[in-house]
Amino acid sequence: MNDDIFYMKKAMELANEAFELGEVPVGAVVVKKSTGEIIGTGYNRRETDKSPLSHAEIIAIENASKALGGWRLIDCQLFVTLEPCPMCSGAIINSRIEKVVFGAYDKKAGCCSSVINLFELPFNHKPEIVGGVLEKQCAEVLSAFFKRLRKQL
């Protein structure tokens, strides 16, 4: 199985956890490229934590930094079920993640190509970007979540 698909499936498992908690179902994993080890995980917790900062990527990056004992995530890749927003893209740049793989495109807030590609701007770090991995499956869980939410209103 392709490594990108394998790790995206792990991120999707986390997205499903978020779904069950009533959170927007986005999951993320940080992988140490040289070993293949998942060193950080996260899923959206904005409602649970009452914080706009509790995005899946931010939580996964924080956990990976703690696991490695430093803020530079050299030799690391991020797998996330939804295209990163501006805040998360900034965290990716600042943490020096080498590669970002995402599932569904985010036409409203995506910063890897949908609204803008922040990684094309002249920042000090430019990760490799791969979009659309298991896109349909990642988009389906988001659609199901918002459909359920609309029914509750």
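This passage describes the nonpolar core, aromatic pairs, helix packing and selected loop contacts of a predicted model.

The largest nonpolar core has 41 residues. Within this core, Val30 and Leu78 have the most contacts. Both helices and strands contribute. At least two core residues come from each of helix 1 (3–20), helix 3, helix 4 (86–95) and helix 5 (135–152). The same holds for strand 1 (27–32), strand 2 (37–43), strand 3 (76–82) and strand 4 (99–104). Helix 1 gives the most, with seven residues. The surroundings of Leu78 were examined beyond its neighbours within four places in sequence. Leu78 contacts Ala28, Val29 and Val30. Contacts of Leu78 also include Glu57, Ile92 and Ile97. Lys99, Val100 and Val101 complete the list for Leu78.

Leu14 lies in helix 1. Its relative accessibility is 10%, under the 20% limit, so Leu14 counts as buried. Neighbours within four places in sequence are again set aside. Leu14 is then in contact with Gly27, Ala28 and Val29. Thr41, Gly42 and Tyr43 also contact Leu14. Ala28 and Val29 thus appear among the contacts of Leu14 and among those of Leu78. Leu14 and Ala56 are separated by 42 residues in sequence. Their C-alpha atoms lie 8.9 Å apart in space.

Five aromatic pairs were found in a search of the whole structure. One of them joins Phe6 and Tyr7 in an edge-to-face arrangement. The ring centres are 5.0 Å apart, and the planes of Phe6 and Tyr7 meet at 80 degrees. Phe6 is partly exposed, at 35% relative accessibility. Tyr7, in contrast, is buried, with a relative accessible area of 9%. Tyr7 also pairs with Phe79. This pair is tilted, with 5.2 Å from centre to centre and 40 degrees between the planes. The angle lies neither under 30 nor over 60 degrees, so the pair counts as tilted. The pair links distant parts of the chain, with Tyr7 in helix 1 and Phe79 in strand 3. The two residues are 72 residues apart. Phe79 is buried, at 0% relative accessibility. Together, Phe6, Tyr7 and Phe79 form a cluster linked by ring pairs.

Helix 1 also packs with helix 5, at an angle of about 5 degrees. The axes of the two helices are 10 Å apart. The angle is under 35 degrees, so helix 1 and helix 5 are roughly parallel to each other. On the helix 1 side, the contact is made by Met8, Met12, Asn16 and Phe19. Helix 5 contributes Gln137, Cys138, Val141, Ala144, Phe145 and Arg148.

The loop between helix 2 (46–49) and helix 3 (56–68) contains Ser51. Ser51 has a relative accessible area of 19%; this is under 20%, so the residue is buried. A polar atom of the Ser51 side chain lies 3.1 Å from the backbone nitrogen of Leu53. His55 lies in the loop between helix 2 and helix 3 as well. His55 is buried, at 13% relative accessibility. The His55 side chain reaches the backbone oxygen of Pro52 at 3.5 Å. Not counting residues up to four places away in sequence, His55 touches Asn44, Arg46, Cys85, Met87 and Cys88.

Key:
Residues numbered from 1 in each chain as written. Predicted model: local features only at pLDDT ≥ 70, side-chain atom pairs only at ≥ 80, totals over all residues. Heavy atoms only, no water. Helix = DSSP H or I, 4+ residues; strand = E, 2+ residues; numbered from the N terminus. Buried < 20%, exposed > 50% of the residue type's maximum accessible area, 1.4 Å probe, protein only. Polar contact = N/O pair within 3.5 Å; in protein donor to acceptor, adjacent residues only side chain to side chain. Core = buried A, V, L, I, M, F, W, Y, C linked by side-chain atoms within 4.5 Å. Contact = heavy atoms within 4.5 Å. Phe/Tyr/Trp six-rings, centres within 6.5 Å; stacked < 30°, edge-to-face > 60°. Axes fitted to C-alpha atoms, helices over the stretch in contact; angles between N-to-C directions. Parallel < 35°, antiparallel > 145°, perpendicular 65-115°, else oblique.
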